Amino acid sequence: MGRVNNHSAAGVTALGWDVWNIRRDFPILKQKIHGKPLIYLDNAATAQKPHQVIEAVNRFYLEDCSNIHRGVHTLSERATKAYENAREKVRQFINAKSNKEIIFVRGATEAINLVAQAFGRTTVGAMDEIVLSSMEHHSNIVPWQMLCEEKGAHLRVIPMNEEGDLNLDKVNLPFNERTKLVALTHVSNAIGTINPIRKVIEAAHLRNIPVLIDGAQSAPHFRVDVQQLGCDFYVFSGHKLYGPTGVGVLYGKQSLLERMPPYQGGGDMIRSVTFEKTVFNELPYKFEAGTPNISGVTGLGAAIDYVHSVGLEQIEPYERSLTQYALEQLATYPWIRLIGRPRERVSVISFVVDGIHPHDVGTILDQEGIAIRTGHHCAQPVMEHFGLSATCRLSLAFYNTREEIDALVGALKKAREVFSNDGA
Ligand code: 7TS
């Protein structure tokens, strides 16, 4: 159930959503930057944390701090319970079949590297191919490139069109008998495109090709059901989902994970060790060598509880209407050029301002207390596609408001005036 407002304070939208009430959960949003109220529009990089998450992490260190899976003492039992409860919360959150399919890692990046090493190194050989798209984050390019270099394999790329949508005609799906994996982002972090991943998964599965979905930018915005999607791997980062940094998730189908060798060796991932032979532990522990990020995992569990308490079914329409508002406001000015017009998108918008380098825009906005991201967004092939080296990117969360978008547009106008006067 979503947390719908039932009092009629100012700031309540037509959707019955009290954004001002929600904002009270995020202590960081109260501060001023350069004397102006903080307007945080860099949520695709990392989302802010509600006090429920901060308190869960604090509580771990204040009351339960202990190592997991090893102790019979009370603190260790409590820590283990919190850690394994979080695994169950993640399982439910993405509707995986089993807890064995949920591996805790450092983030989306580590999850992809794990698959590249544990799956890739045993499956991919010389002249084999891995298919990516032209809108991947570097995290979903470089690990595959490293693997290809080692194995003498090749990357194939699904192209995108001028709007920033993938070209998914049969001719543009470069699958063949040498394709060993498809690794595709669910949502572009640079231009916000939601890719029709089911279509790609179905086409790949017709040829028995497994598919990894990079969910770093989808998990925070809408409901994901890995069984319904049918993907073989799905990865996301906790910190973009209002959780702590340094924790993320690899989902993998049990049958595939069972066949994969461990990624790292160490404590907790073994059943028995002698100098002659080590027997590996069962799933999911086989992939969780060493002491994990226990406080982070506990905090991620609290973040998932928090997102449930707000309600993805509330978050999605609110963010959609806010995105629509931002697009309309930005489109009012001919000197603002929106980059990409995808058919379906999340609340990530890239733009450039005529005559001002994105980094200068970012610096001027910071003086107004507004945080946006400028640069290539770790997606240089996307920049190249649009003939740019950098863009300005705003990325909205459910605690952002229309007033903040108005302030952004006001600050952009100011930046434009400053630069026009300089040039005069
Ligand atoms: N995949 C996508 C689609 C991403 O957007 C990111 C991070 C990653 C993978 C890597 O996630 P990490 O948590 O392991 O670093 N994206 C961004 C961004 O857009 N700005 O900063 C980080």
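Four exercises with worked solutions follow.

The model is predicted, so local features need pLDDT of at least 70 and side-chain atom pairs count only at pLDDT 80 or more, while totals for chains, interfaces and linings use all residues. Residues are numbered from 1 along each chain as its sequence is written, and side-chain values use heavy atoms, with hydrogens and water left out.

**Exercise 1.** Determine how many disulfides the structure holds, and describe C378 and C148.

Solution.
- A disulfide is a pair of cysteine sulfur atoms within 2.5 Å.
- Searching the whole structure gives 0 disulfides.
- C378 is in no disulfide, and its nearest cysteine sulfur, that of C392, is 16 Å away.
- Next, classify by relative accessible area: buried means under 20%, exposed over 50%, and partly exposed in between (1.4 Å probe, protein chains only).
- C378 has 33% relative accessibility and therefore counts as partly exposed.
- C148 has a relative accessible area of 6%, so C148 is buried.

**Exercise 2.** Locate S237, decide whether S237 is buried or exposed, and list its contacts.

Solution.
- Strands are DSSP runs of E with at least two residues, and helices are runs of H or I with at least four, both numbered from the N terminus.
- S237 lies in strand β9, which spans residues 233-237.
- The relative accessible area of S237 is 6%, so S237 is buried.
- Contact means heavy atoms within 4.5 Å. Not counting residues up to four places away in sequence, S237 touches G107, A108, V247 and G248.
- For A108, a polar atom of the S237 side chain lies 2.8 Å from the backbone nitrogen of A108.

**Exercise 3.** Describe how helices α4 and α5 pack.

Solution.
- Two packed helices are described by the angle between their axes and the distance between the axes.
- Axes are lines fitted to C-alpha atoms, for helices over the stretch in contact, and angles run from 0 to 180 degrees between N-to-C directions.
- α4 (residues 108-123) and α5 (residues 142-151) pack at about 25°, with axes 9 Å apart.
- Angles under 35 degrees count as roughly parallel, over 145 as roughly antiparallel, 65 to 115 as roughly perpendicular and the rest as oblique. α4 and α5 are therefore roughly parallel to each other.
- On the α4 side, the contact is made by I112, N113, V115, A116, G120 and R121. On the α5 side, P143, W144, L147, E150 and K151 take part.

**Exercise 4.** Place K32 and state which residues K32 is in contact with.

Solution.
- K32 lies in strand β1, residues 32-33.
- With a relative accessible area of 56%, K32 is exposed.
- Leaving aside neighbours within four places in sequence, K32 is in contact with P37 and L38.
- The C-alpha atoms of K32 and G369 are separated by 7.0 Å, although these residues are 337 residues apart along the chain.

Conventions: A polar contact is a pair of N or O atoms within 3.5 Å; within protein, one must be able to donate a hydrogen and the other to accept it, and residues adjacent in sequence count only if both atoms are side-chain atoms.
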